[in-house]
Amino acid sequence: MKTVVCPGSFDPITNGHLDIIQRASGIFDRVIVLVASNQEKRNFFTAPERKAMIEKVVRELNLSNVEVDTDDGLLVNYIQKVGASAIVKGLRAVSDFEYEFQMALTNHKLLPQCETIFFTTSSKNMYLSSSIVRQVGRLGGDITQFVPECVYPEIHEKLLQSSKRQEV
Ligand code: PNS
């Protein structure tokens, strides 16, 4: 049984993430979407919020071989713990490449049996990122086309609330 881990901040999940998760789910036996900690980022949604939103999307789409988890340690330790064969990540543009390449090589150095598989993002999602969703949503723009429909209300609500707090 081939298990892969799809790690990321998912702050929040976007249609771009979902596309990668769905494609991985069609290829591998078991896919674990891991809300992992990125020390370089300050997250907007809490880890339990991010996990709950992904779980909702996975349930809604009946992705029966997809699980969701959180972890605040080293990714390679998690990979070993769950017996995964590979890390799956989406690659949007050249701008992603250097950072993703560095992480893939580091993870491979730390755990030589761990491979990283990159899925090229569908062209319709090339521009999309969680930070774009946060920026547009905070300023009251329409984010319905950027995030999965079933989690739109909670994403919209929290972004709007935070922009109101900033105004005062
Ligand atoms: O969505 P992101 O923020 O680009 O994902 C980055 C993430 C969370 C996958 C990366 O920061 C990570 O693997 N974090 C876990 C801690 C770790 O192992 N860091 C070293 C990576 S080389």
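Around the ligand in this predicted model stand 15 residues, and those that come nearest are Ser-9, Ser-37, Asn-38, Lys-41 and Leu-75. Three of these residues place polar atoms beside ligand oxygens. In Ser-9, an N or O atom of the side chain is 2.5 Å from an oxygen atom of the ligand. Asn-38 likewise uses its side chain, with a polar atom 2.8 Å from a ligand oxygen, whereas Leu-75 contributes a backbone N or O atom, 2.8 Å from an oxygen atom of the ligand. On its own, the ligand has 540 Å² of accessible area, and the protein covers 84% of this.

Turning to the aromatic residues, the structure holds three aromatic pairs. One of them joins Phe-44 and Phe-45, which form an edge-to-face pair because their ring planes meet at 85°, over the 60 degrees required; the ring centres are 4.9 Å apart. Both partners are buried: Phe-44 has a relative accessible area of 15%, and Phe-45 has one of 2%. Phe-44 also has a charged neighbour, as Lys-158 lies over the face of its ring, 5.4 Å from the ring centre.

Another pair, Phe-97 with Phe-101, is stacked, with 20° between the planes and 5.0 Å from centre to centre. Helix H4, spanning residues 94–110, carries both rings, and the two positions are four residues apart, about one turn of the helix. Here the side of the picture that concerns exposure is quickly told: Phe-97 counts as partly exposed at 40% relative accessibility, and Phe-101 counts as partly exposed at 41%.

Methods. Residues numbered from 1 in each chain as written. Predicted model: local features only at pLDDT ≥ 70, side-chain atom pairs only at ≥ 80, totals over all residues. Heavy atoms only, no water. Phe/Tyr/Trp six-rings, centres within 6.5 Å; stacked < 30°, edge-to-face > 60°. Buried < 20%, exposed > 50% of the residue type's maximum accessible area, 1.4 Å probe, protein only. Lys NZ or Arg CZ within 6 Å of the ring centre and 35° of its normal. Near = heavy atom within 4 Å. Polar contact = N/O pair within 3.5 Å; in protein donor to acceptor, adjacent residues only side chain to side chain. Areas by Shrake-Rupley, 256 points an atom, 1.4 Å probe, with all protein chains shown as cover.
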